[in-house]
Amino acid sequence: MGRGRGRPDARKGEGNGMTAPEAIDLSRPGDPTPEGIDAHVTRVLAEATLAEKIGMMSGRGFFRAFAEDGRVWGARPYRAGGGIERLGVPALWFTDGPRGVARGQSTCFPCTMARGASFDPGLERRIGEAMGIEIRAQGCNLSGAVCVNLLRHPGWGRAQETYGEDPVLLAEMGMALGTGIQAHNVIATVKHFAANSIENSRFHVDVQIGERALHEVYLPHFREILDAGVMSVMTAYNRLNGEYCGQNPHLLTEILRGEWGFAGFVHSDWVMGVHEVHGAAAGLDIENPEPRVWGERLLAAVRAGHVSPFTIDTACRRILRALFTIAAAEDPLPAYPERLVACARHVALAREAAEKSAVLLENDGALPFGAGRVRRLAVLGRLAALANTGDHGSSDVRARHVVTALDALSARLGEKAVLHATEADGAGHVEAAIGAADAAVAVVGLTADEEGEYIPGDLSLGQDPAAAGPPRGARGGDRRDLRLPAAQVAMLRCAGAAASAAGKPLVVVIVAGSAVLVEEWREEASAILQTFYAGMEGGTALARLLFGDAVPSGRLPFTVARDPAHYPAFDPDATTACYDLWHGYPLLLRDGIQPRYAFGHGLSYTRFAYRGLKVARRDARLHASVAVCNLGEVAAGHAVLLFAEGPGGIERWPRKLIAFARVDLAPGETRIVDLEAPLQRLLHRDRGRWLLEPGRWRFLLCRDATDPAPLAAELRL
Ligand code: BGC
């Protein structure tokens with residue numbers, strides 16, 4: 001909480017009963033410089049008792065609060081470490097993300113994967129700032145919104161919470177979100193550290209991984225995000241090379257602190273993230289959301305000499321430094337009133353993000369609909385009328401309103417001009433709707449039932465089951481089948497036949513967190529648009545995209561294969577999983593397999609030409625520039641993607657994304673776009689060292705990862 005704002009008031013669930021007479025006020029440092037903050041931390045550590053220090057190393061009050069709130073997630077801030085009442089030391093108050101602030105009725109943005117498809121860190125930074133404001137306005141100072149686990153396989157249940165299959169995309173977008181949130185003096189935590197890409201077995205699966213894959217594929221984005229100043233890390237539930245991530249000294253101490261020099265704090269994932277007291281010595285600073293394993297046991301372990309007091313002081317120093325850093329900083333806004341939550345500006349940002357993230361996968365010219373040509377529309381599918389913003393796990397955001405496709409299209413064309421039929425209505429209704437319309441839009445895909453964070457039926461979270469209330473059905477989890485549900489495929493076949501017999505276009509809209517295989521029905525469609533879970537304004541954005549008020553500019557943040565066998569092996573029930581260098585576009589490129597839609601694929605209502613690519617190295621950075629021209633007749637945005645190809649002496653990705661930037665162009669306009677990347681993105685790891693393979697490197701501006709004729713420039717490195 002920044003200077004001049006005051007801390008969040010004492011809340012339900014807070015209070016450890018320590019109001020000793022020697023209470024003194026150490027709530028914020030007098031001197032806001034890093035040295036002043038360190039000196040203040042030293043003073044707090046000198047005043048605090050061992051029990052108070054250990055008290056700061058866990059969350060508190062969550063189970064009771066959750067039960068009291070009828071298990072409504074985010075009904076209040078959750079205390080997640082820090083805090084010594086006697087000394088006025090502030091606590092960490094957690095709220096989750098990432099599709100908005102998982103608290104109250106916040107703005108519901110498009111899911112993270114959608115935002116990944118925008119390839120627009122500037123937009124993501126603005127979303128981060130909006131979240132920072134809404135977090136502050138709702139009494140929290142720690143955000144779990146930055147999720148950057150690599151999408152190794154599209155079946156991962158939580159795919160929607162991350163940005164895609166490429167580490168550079170994850171790094172750029174995660175940096176933008178994290179620094180945007182922190183701009184408002186909220187601590188962002190980057191999660192889940194590390195290699196968390198299977199949902200159903202997340203509590204126990206052991207990911208076996210070698211040094212190269214770990215450092216080159218699964219970790220580099222975490223490092224870049226932390227180097228950009230993100231202050232906290234949340235550990236993953238899974239094991240890595242035999243040890244739980246929450247108590248893995250290789251990850252938390254050798255790599256994070258030793259090699260990367262990270263000075264912030266590390267906290268566990270919720271409830272099941274801590275296993276033994278020795279996790280503190282491995283580098284975990286906070287157990288969340290309750291002292292389930294630590295607390296009294298950690299205190300006893302220190303008293304018995306099993307855990308050193310130095311370990312405790314080190315953890316507390318990290319926590320306090322972060323807390324006092326935000327306490328000492330000046331706020332960008334004079335105040336954070338509750339009316340800023342889901343204010344008109346943030347809702348408009350949610351719509352802008354939905355427009356910029358939709359990916360046009362196919363278009364035979366059916367889109368955009370001409371207003372004169374399409375006056376009556378058949379809107380097909382149950383999902384067209386469903387408020388469907390993503391899963392119902394920890395990232396759930398309960399927006400005040402959600403505009404569905406049906407709402408927005410009815411508002412645009414008039415209710416009578418929109419004929420809705422669902423897969424449950426049967427072929428006759430679908431055919432009749434198409435018969436009475438000028439065109440058809442079918443909304444298909446998934447919901448929280450088919451994918452998402454796995455919510456077991458018994459969500460007792462270690463509480464007394466009586467207090468936890470009646471068990472509910474299990475929801476979400478990994479996808480074992482990447483196709484659409486059978487009833488939707490049947491509806492698309494029927495609609496495709498009716499539309500083509502009548503010479504009317506059928507536009508298919510895919511709502512899903514990652515790849516949906518399209519082979520069975522693709523030929524029925526005149527156009528296919530993937531909108532992901534597009535947030536509270538998704539319907540409005542869709543109507544604008546369909547009718548050309550907005551032009552699609554999203555590009556796929558993952559690979560859509562023709563055959564599920566083209567992805568790496570994926571087992572939601574795995575107890576052990578082996579991760580190597582290969583997944584997504586690099587794997588298909590290596591194997592010479594053409595995907596259905598490659599990473600980076602995305603059409604527009606206009607075309608773009610590239611000229612004059614220049615690449616240079618300046619010290620530890622690469623700089624590139626290219627002229628991009630909008631050849632068409634509509635203004636549009638376009639993301640430019642720069643890949644690198646190495647000299648070929650070592651095993652590495654055949655092509656690797658190293659930088660990207662989005663530009664907006666008027667019809668006929670040309671602009672020079674600058675791209676920049678740390679040279680680090682070209683290096684490979686060899687027994688603890690980072691090496692640059694010397695030789696001729698090629699830099700490619702690709703339409704997608706498989707582009708056979710990219711604009712290229714060479715550089716000897
Ligand atoms: C999720 C985390 C989340 C935490 C708290 C866990 O189940 O894995 O991503 O931040 O809950 O909501």
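Reader: How do you know that the radius of gyration of the protein agrees with a compact globule?

Author: Well, this is a predicted model, and the check is a simple one. The rule is 2.2 Å times the number of residues to the power 0.38. For 717 residues that puts a compact globule near 27 Å, and the protein comes out at 26 Å, so the two agree. As for extents, the C-alpha trace spans about 85 × 60 × 50 Å along the principal axes.

Reader: And what is it built from, in helices and strands?

Author: There are 19 helices and 27 strands. Of the contacts with a separation of 6 or more, 77% join residues 24 or more positions apart.

Reader: Why is Val148 called buried?

Author: Buried means under 20% relative accessible area. Val148 has 0%, so it counts as buried. You'll find Val148 in the loop between strand 3 (142-147) and helix 6 (167-182).

Reader: What makes up the surroundings of Val148, leaving aside neighbours within four places in sequence?

Author: Contact here means heavy atoms within 4.5 Å. Val148 has such contacts with Thr162, Tyr163, Leu170, Gly174, Val190, Lys191, His221, Phe222 and Ile225.

Reader: Why is Asn248 called buried?

Author: Again the cut-off is under 20%. Asn248 has 4% relative accessibility, so it's buried by that test. Asn248 is in the loop between strand 8 (243-244) and helix 9 (249-259), and beyond its sequence neighbours within four places it touches Leu240, Glu243, Thr253 and Ala282. Across the protein, 63% of the 717 residues count as buried.

Reader: How do you know that Cys702 has no bond to Cys629?

Author: A disulfide is a covalent bond between the sulfur atoms of two cysteines. To count as one here, the pair of sulfurs must lie within 2.5 Å. Cys629 holds the cysteine sulfur closest to that of Cys702, and the gap is 19 Å, so that's too far for a bond. A search of the whole structure finds zero disulfides.

Reader: Are Cys702 and Cys316 buried or exposed?

Author: Buried, in both cases: Cys702 is at 0% relative accessibility, and Cys316 has a relative accessible area of 0%.

Reader: What about the surface and the charges?

Author: The accessible surface comes to about 24800 Å², with 51% of it belonging to carbon and sulfur atoms. On the charge side, there are 78 positive and 84 negative side chains, and the centres of the two sets lie 3 Å apart.

Conventions: Residues numbered from 1 in each chain as written. Predicted model: local features only at pLDDT ≥ 70, side-chain atom pairs only at ≥ 80, totals over all residues. Heavy atoms only, no water. Helix = DSSP H or I, 4+ residues; strand = E, 2+ residues; numbered from the N terminus. Buried < 20%, exposed > 50% of the residue type's maximum accessible area, 1.4 Å probe, protein only. Areas by Shrake-Rupley, 256 points an atom, 1.4 Å probe, with all protein chains shown as cover. Lys, Arg positive; Asp, Glu negative; His and termini not counted. Charge placed at Lys NZ, Arg CZ, Asp CG, Glu CD.
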